[in-house]
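Let's take a walk through this one together, starting with the whole chain and then zooming in on a helix and some aromatic rings. Have the model open and ready to rotate.

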Amino acid sequence: MSPHAGTAGLTPHTLAFVESPVQLLNVLEWAHLRAPRAEEAPGGGLTLVVLSPTDPMTRGQLRRMADLARDEGHTVRWEEARGGPLAPFQTIGGLTRLLRRADRIVMGDPFSRYVQLLLTITKARELVVVDDGTATMEFVAQLASGERLVRWHRKGGRPGPRDLIFAPVSSAARRRLTPSARRKVEIFSSMPIETTPEGVTITANAFAWTRATFGPPRITKGADMVGTSLVETGVVDYDRYLEAVATLAKTHGATRYFAHRRESTEKLHRLAVETGLEIVRPDLPLELIARRGPIGRTILSFPSTVVHTLPLALVGTEVRVSVCDIDPAWLTENASPRAQGFLSGVTGTARDVHRLSAVTAA
C-alpha cells in the first residue's frame with residue numbers, strides 16, 4: 001500500500017481522520033448519506049487519513065476498511081503516526097498544508113490527543129464528528145455541559161502529568177468543537193443523544209451503506225457472543241468477566257466468541273480453554289461481519305457500541321441482539337465512579353434489543 005496513494009496535487013474539500021476501523025466505517029456511512037448531493041458524491045474531494053495505531057489486529061482491520069474506501073472512490077492516505085518518537089512530528093508536518101486548505105474536517109475521536117492537536121491547525125469552517133462507539137454519547141454530554149473532554153472510563157480520576165501538559169491543546173480543541181458564527185459542527189451518530197448542544201446539528205446514522213453493500217446474511221440456529229475490552233480498560237475484573245462469559249455461553253448455547261480488537265491474546269486463550277468457545281478475530285468491524293454472515297440467530301453482548309449498531313445493520317433480519325448488564329460486583333477498585341451509571345445507560349438506551357439480567361457465576 002502506498003502511504004500517500006492518490007493525494008498528489010489534491011485540494012481536498014473534506015479531510016477525514018480515523019484511528020480505528022469503526023471510525024472509518026462511519027466515515028463511509030457519512031459520505032454515503034451525502035452522496036445524493038452531486039458536489040459531494042463519493043470520490044468528490046474526500047481524503048481519508050488513517051492515523052495508524054500499532055497493534056496488529058487494528059491495523060489489519062484498518063487496511064481492509066481502507067480498501068473498501070478506495071472501492072467507493074475515496075482517496076486514502078495511510079500515516080504511520082505512531083511509528084517512533086519522531087512520527088507525530090513528521091505526520092503533523094506532512095498534513096499541515098492539507099489541514100489549512102480543507103474546508104471541512106471529519107473526525108472519529110474528539111478525545112484523541114492526535115486529533116485535538118490537528119484541530120488547532122485547521123481553519124475549516126465545518127467540523128463533523130462521526131461515531132467512535134459509546135464514547136460519542138459522553139462527548140455530546142460534555143460538549144453540552146461545557147466540561148473538559150475526558151473519556152468516560154477515566155472520568156473522576158486525577159489528571160496525570162501528560163494531561164496537565166496537554167491541557168491547553170485540549171481546551172483549544174474543545175473551543176473549536178463549539179459552534180459559532182464562523183464554524184458549523186455536526187455529529188453523525190447511531191447513538192441515542194438525549195441533550196443536543198446548542199448550535200450542533202445531529203444527523204442519524206442508520207447504516208444505510210452497510211445494508212446496501214452487504215447481505216442479507218445467512219442466519220444459523222445457534223448463538224454468537226461479542227467480546228468487550230472492559231477488562232483491558234481496567235473497568236471489569238478479569239476473573240469475573242471470564243466467569244460471566246462461561247455462564248452466558250452455557251445458558252444460551254453460544255458457540256463462537258467474536259473478539260474485540262483490544263482483547264489480549266492471553267485472555268482469549270484462557271476463554272477458549274475454559275469455555276470451549278471458538279474465538280473469532282474479525283478482519284472487519286462486527287457490523288460488516290454480521291451483515292455478511294453467517295451469524296447466529298441470537299447475538300449476546302455486554303454493554304457496548306454493538307447493542308446500538310447491530311440492530312440497525314441487521315434490520316429486516318430475524319437476528320435478535322441480547323445485552324447482559326454488568327453486575328456492580330464485577331467492577332475493579334480502579335474503575336471510574338461513573339462506570340456503572342454509564343454502562344447502565346448504554347444498555348438502557350439501546351433500541352430493539354433484549355435485555356438480560358446480570359448473570360451469576362456458576
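What follows goes from the overall picture to the details.

First, keep in mind that this is a predicted model. The protein chain has 362 residues, and 53% of them are buried. Its secondary structure adds up to 12 helices and 13 strands. If you look at contacts with a sequence separation of 6 or more, 72% of them are between residues 24 or more positions apart. As for the outside, the chain shows about 15,900 Å² of accessible surface, with carbon and sulfur atoms contributing 52% of that.

Now zoom in on helix α1, which covers residues 21-34. From the first C-alpha to the last, its 14 residues reach 20 Å, close to the 20 Å you'd expect at 1.5 Å a residue. So is α1 enclosed by the rest of the structure or left open? It's largely enclosed, because 11 of its 14 residues are buried. Among the buried ones are Leu24, Leu25, Val27, Leu28 and Trp30, as you might look for in a helix like this, but the list also includes Gln23, Asn26, Glu29 and Arg34.

On to the aromatic rings. A pair of rings is described by how far apart the centres are and by the angle of the planes. Here the count comes to 4 aromatic pairs. One of them joins Trp209 and Phe214, with 5.9 Å centre to centre and 80° between the planes, an edge-to-face arrangement. Trp209 has a relative accessibility of 2%, so it counts as buried. Phe214, at 12%, falls under the 20% cut-off too, so it is also buried.

The rings of Tyr241 and Phe302 make a tilted pair, because their planes sit at 50° with the centres 5.3 Å apart. Where does each partner lie? Tyr241 is in helix α8 (residues 238-252), while Phe302 is in the loop between β11 (295-301) and α11 (306-313), so the pair ties together parts that are 61 residues apart in sequence. Both of these residues are buried. They also have company: Trp330 joins Tyr241 and Phe302 in one aromatic cluster.

One last stop brings a charge into the story. Find Trp78 and look at what sits over its ring: the charged end of Arg63, 4.2 Å from the ring centre.

Definitions and conventions. Residues numbered from 1 in each chain as written. Predicted model: local features only at pLDDT ≥ 70, side-chain atom pairs only at ≥ 80, totals over all residues. Heavy atoms only, no water. Helix = DSSP H or I, 4+ residues; strand = E, 2+ residues; numbered from the N terminus. Expected span 1.5 Å × (residues − 1). Buried < 20%, exposed > 50% of the residue type's maximum accessible area, 1.4 Å probe, protein only. Phe/Tyr/Trp six-rings, centres within 6.5 Å; stacked < 30°, edge-to-face > 60°. Lys NZ or Arg CZ within 6 Å of the ring centre and 35° of its normal. Contact = heavy atoms within 4.5 Å. Areas by Shrake-Rupley, 256 points an atom, 1.4 Å probe, with all protein chains shown as cover.
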